[in-house]
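Work through the exercises below with the structure open beside you. Try each task before you read its solution.

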Amino acid sequence: MLPKYKRILLKLSGESLMGEGNYGIDHRVISQYAYDIKAATDLGVQVAVVIGGGNIYRGMNEKETGIERAQGDYMGMLATVINGMAMQSGLEKVGLYTRLQSAIKMEQIAEPYIRRRAIRHLEKGRVVIFGAGTGNPYFTTDTAASLRAIEIQADVILKGTRVDGIYTADPEKDPTATRFETITFSEVYQKSLNVMDMTAFTLCQENKLPIIVFDMNRPGNLLQVIMGKNVGTLVKG
Ligand code: UDP
């Protein structure tokens, strides 16, 4: 069977990298993700990755941190670069070629983000990690993921979470909640479901970029999604 998608953008949350811990990076999570990504590239799938920074720093909470929003947001963007470097090492350990491209210039550790170059890397089978979000405060890494996915003409954005899709209600609170196999963008609005923040979500909708929300913490799940199996929830137009 051939994979359903040729080029994917995988969005990983910073928080998922914590694993069992409550801060920082768990190397076991990195390793699992690396093996899962390798299984995809082994099939010839081109993989780009955007990682969040929530396990290290979130800039949005000015009241809690005492640091002004824009400043905190830049700190959050730097956190995504740290996570990106960790992921890069994990991917190299399983034998993959990688490039880290940063939206904020830091030449010693990452290439600057150059769209055409990123596409070229992907074509050569390298995993491209996009760090530093969009490079702008007041945005999220979900928005960075949507933006980059559109720019590189990915077939789909895969949002790896701890839940295996979008539910009619919060499955942790409501045992009768059921998972949507597919749902449209407008249904998500109508039902006020929380898939991504509005900026990120609207970008996908306007550019007809499908989103799949799935549980990335279950080993092998990424491959199932790529093969088009009924895993997670597909959001489409
Ligand atoms: N951030 C930002 N602009 C971006 C992407 C991220 O300002 O384009 C900052 C923002 O403060 C955010 C933090 O980086 O809280 C970490 O990203 P995010 O919260 O999206 O990470 P995740 O929730 O996926 O771990």
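**Exercise 1.** How far apart do the end C-alpha atoms of residues 6–215 lie, and what percentage of the span is helix and what percentage strand?

*Solution.* The model is predicted: local features need pLDDT of at least 70, side-chain atom pairs count only at pLDDT 80 or more, and totals for chains, interfaces and linings use all residues. Residues are numbered from 1 along each chain as its sequence is written, and side-chain values use heavy atoms, with hydrogens and water left out.

Step 1. Take the two end C-alpha atoms: they are 20 Å apart.
Step 2. Read the composition: 38% helix and 18% strand. Helices (H or I, at least four residues) and strands (E, at least two) are DSSP runs, numbered from the N terminus.
Step 3. Check the record. An unreviewed UniProt entry lists residues 6–215 as "domain: Aspartate/glutamate/uridylate kinase". Such annotations may be inferred rather than shown by experiment.

**Exercise 2.** Which element has the lowest confidence in the protein chain, and which the highest?

*Solution.* Step 1. Start with the protein chain: its mean pLDDT (the predictor's confidence in each residue, from 0 to 100) is 96. There, 100% of residues reach 70 or more.
Step 2. The lowest is helix α2 (residues 62–65), with a mean of 88. The highest is strand β5 (residues 127–131), at 99.

**Exercise 3.** Describe how α1 packs on α3.

*Solution.* Step 1. Helix α1 (residues 27–41) and helix α3 (residues 69–93) pack at about 55°, with axes 8 Å apart. Axes are lines fitted to C-alpha atoms, for helices over the stretch in contact, and angles run from 0 to 180 degrees between N-to-C directions.
Step 2. That angle makes α1 oblique to α3. Angles under 35 degrees count as roughly parallel, over 145 as roughly antiparallel, 65 to 115 as roughly perpendicular and the rest as oblique.
Step 3. Name the contact (heavy atoms within 4.5 Å). α1 gives Ile30, Tyr33, Ala34 and Ile37, while α3 gives Ala86, Met87, Gly90 and Leu91.

**Exercise 4.** At what angle do α5 and α7 cross?

*Solution.* Step 1. Helix α5 (residues 141–151) and helix α7 (residues 198–206) cross at roughly 20°, and their axes come within 7 Å.
Step 2. The two helices, α5 and α7, are therefore roughly parallel to each other.
Step 3. Asp142, Thr143, Ser146, Leu147 and Ile150 of α5 meet Thr199, Ala200, Leu203 and Cys204 of α7.
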